[in-house]
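This report looks at two ligand sites, taking the surroundings of each in turn. Please keep the sequence and the structure in view while reading.

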Amino acid sequence: MSLSFKNNRLSGPLILSVTRFAAAVAMLFGAGSASARIRWNFQTPVTPIAHQIYHLQNIMFGVCVVIFVIVFGVMFYSIFAHRKSKGHKPATFHQSTTIEVLWTIVPFLILVAVAVPATATLVRMENTSDSALTVRITGYQWKWQYSYPGQGISFFSDLSTPVAQIENQEPKNKHYLLQVDHPLVLPVGEKIRFQITAADVIHSWWVPSFGVKTDAIPGFINQSWTKIEVPGTYRGQCTELCGMGHAFMPIVVKAVSQKDFQKWVTAQKALMVASAGGVATTAGSVATAATWTKAQLLSHGKTVFVNNCAVCHQVTGLGIPGTFPPLSAGRTFSAAPAMLQQLRTRGFLTSSGHVVMGPVKNHLRIVLGGIPGTPMPSFSGQLSNADIASVVTYERNSFGNHTGDIIQPSEVAALR
Ligand code: HEC
Ligand SMILES: [Cu+2]
């Protein structure tokens with residue numbers, strides 16, 4: 001390569017880009033591995049609406065291709081056939097009423113032909129009546145909450161891709177950033193109504209195979225519906241840029257038979273009863289009243305921390321300069337003066353007055369209630385007493401903090 005570079009400045013990069021181009025073309029035509037294959041169209045539709053959207057997309061694409069071929073065909077033909085070297089002169093006419101009328105009416109007719117089925121699809125999308133099941137979906141920075149009001153079930157769905165893969169320490173798996181701990185479980189063959197909202201900023205719930213893409217807006221409930229035809233696992237993503245963790249709040253839906261769905265509902269209800277205060281604990285069936293050992297608290301606390309706090313405070317607990325403070329006592333932190341002032345009032349810079357070293361009650365109150373006016377969310381509605389006791393125990397005995405404190409779920413219950 002360096003040789004050809006000397007002889008001809010261009011040939012080196014040229015050969016390189018030609019090779020790259022050839023590789024890209026080979027990949028497009030499926031010569032690469034299966035996972036590197038590129039889809040030409042939307043994901044396989046599995047709901048009535050998704051079928052309609054798919055169909056509309058194909059029609060629109062066909063119309064565009066025909067117009068493209070006609071317009072460019074005429075253009076290239078004219079350039080070639082009427083070229084100057086053959087003695088052609090520019091046209092002198094400037095008006096043709098027939099053409100004006102034609103190129104107004106033809107696009108208008110095409111638009112009408114497309115708008116009629118498109119409007120019908122839109123109207124059908126909005127019709128959530130006669131649904132057999134209602135699911136409430138709430139977007140949070142950065143996870144989804146799914147509630148089934150009729151069944152009394154509610155849980156959070158968190159990204160479950162291992163941190164080691166995100167940090168490039170392990171090879172990434174097939175469903176990298178598209179896997180969650182608790183998928184949304186839905187029955188096939190039934191009309192399901194979604195009520196979609198958000199708790200903090202605007203998110204958007206999108207599952208391409210369902211043809212559902214609905215904004216989740218704080219203070220509003222947007223409705224949508226689906227009726228899944230084929231059992232299986234379907235994946236989607238938040239599709240409204242919602243902050244730093246936007247790419248880390250995927251959607252996974254498991255569509256099962258109605259019989260399996262009933263079984264799942266029964267199992268979930270049992271879990272809800274076993275967990276504290278109607279909030280499904282990530283620990284599953286552990287009751288609040290039980291006394292936990294330090295080892296249990298620390299191990300469960302680490303899971304809760306990784307799933308709920310690490311997006312901001314990071315797995316290391318060291319935070320991100322300027323935005324998310326470290327939970328490690330005595331560490332310096334650079335941020336805007338207003339934020340530093342706020343942290344200072346909580347004893348941030350001193351190693352003994354710091355929240356994670358100071359009185360347990362203050363620490364619990366911050367995790368339960370959040371810090372209003374800052375991104376630090378309230379976890380009282382998201383985590384069970386056992387979860388909060390565990391995560392606070394974990395924080396007070398990790399990242400270089402050694403208070404030795406053990407917090408029991410009952411202490412959290414007393415503060416609620
Ligand atoms: C969305 C981002 C975010 C998440 C998620 C988050 N925090 Fe925070 N947290 C913050 C921010 C920002 C602050 C600082 C707020 C301020 O400006 O005062 C903070 C402050 C804190 C403090 C007080 C720190 C101090 O020294 O004053 C504690 C304790 C804390 N968080 C614990 C947690 C725990 C435990 C979790 C998980 C259960 C969690 N945080 C999840 C953003 C977050
Ligand atoms: Cu989002």
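Which side chain has an N or O atom 3.1 Å from an oxygen atom of ligand 1? In this predicted model, that side chain belongs to Gln-342.

## Polar contacts of ligand 1

Besides Gln-342, whose side chain places an N or O atom 3.1 Å from an oxygen atom of ligand 1, two further residues take part in pairs of this kind. A polar side-chain atom of Arg-346 lies 2.6 Å from an oxygen atom of the ligand, while a nitrogen atom of ligand 1 is found 2.8 Å from an N or O atom in the side chain of His-313. Two or more residues of the shell around ligand 1 are given by each of α8 (310-313), α9 (337-345) and α10 (360-369).

## The shell around ligand 1

There are 26 residues around ligand 1, and those that come nearest are Cys-309, Cys-312, His-313, Arg-346 and Met-376. Sorted by class, the shell comprises 17 nonpolar, 7 polar and 2 charged residues.

## The copper site

The copper ion (ligand 2) has as its protein donors His-203 through ND1, Cys-238 and Cys-242 through SG, and Met-249 through SD, at 2.0 to 2.5 Å from the ion. Along the chain, these donors follow the spacing H-x34-C-x3-C-x6-M, and both Cys-238 and Cys-242 are buried.

The arrangement around the copper ion (ligand 2) is tetrahedral because its 4 donor atoms subtend angles of 95 to 127 degrees, and four donors count as tetrahedral if all angles lie between 85 and 135 degrees. For four tetrahedral donors, the ideal angle at a metal is 109.5 degrees.

Definitions and conventions: Residues numbered from 1 in each chain as written. Chains lettered and ligands numbered in written order. Predicted model: local features only at pLDDT ≥ 70, side-chain atom pairs only at ≥ 80, totals over all residues. Heavy atoms only, no water. Near = heavy atom within 4 Å. Polar contact = N/O pair within 3.5 Å; in protein donor to acceptor, adjacent residues only side chain to side chain. Helix = DSSP H or I, 4+ residues; strand = E, 2+ residues; numbered from the N terminus. Nonpolar A, V, L, I, M, F, W, Y, C, P; charged D, E, K, R; others polar. Donors = N, O, S within 2.8 Å, 3.2 Å for Na, K, Ca; no water. Tetrahedral: all angles 85-135°; square planar, octahedral: opposite > 155°, others 65-115°. Buried < 20%, exposed > 50% of the residue type's maximum accessible area, 1.4 Å probe, protein only.
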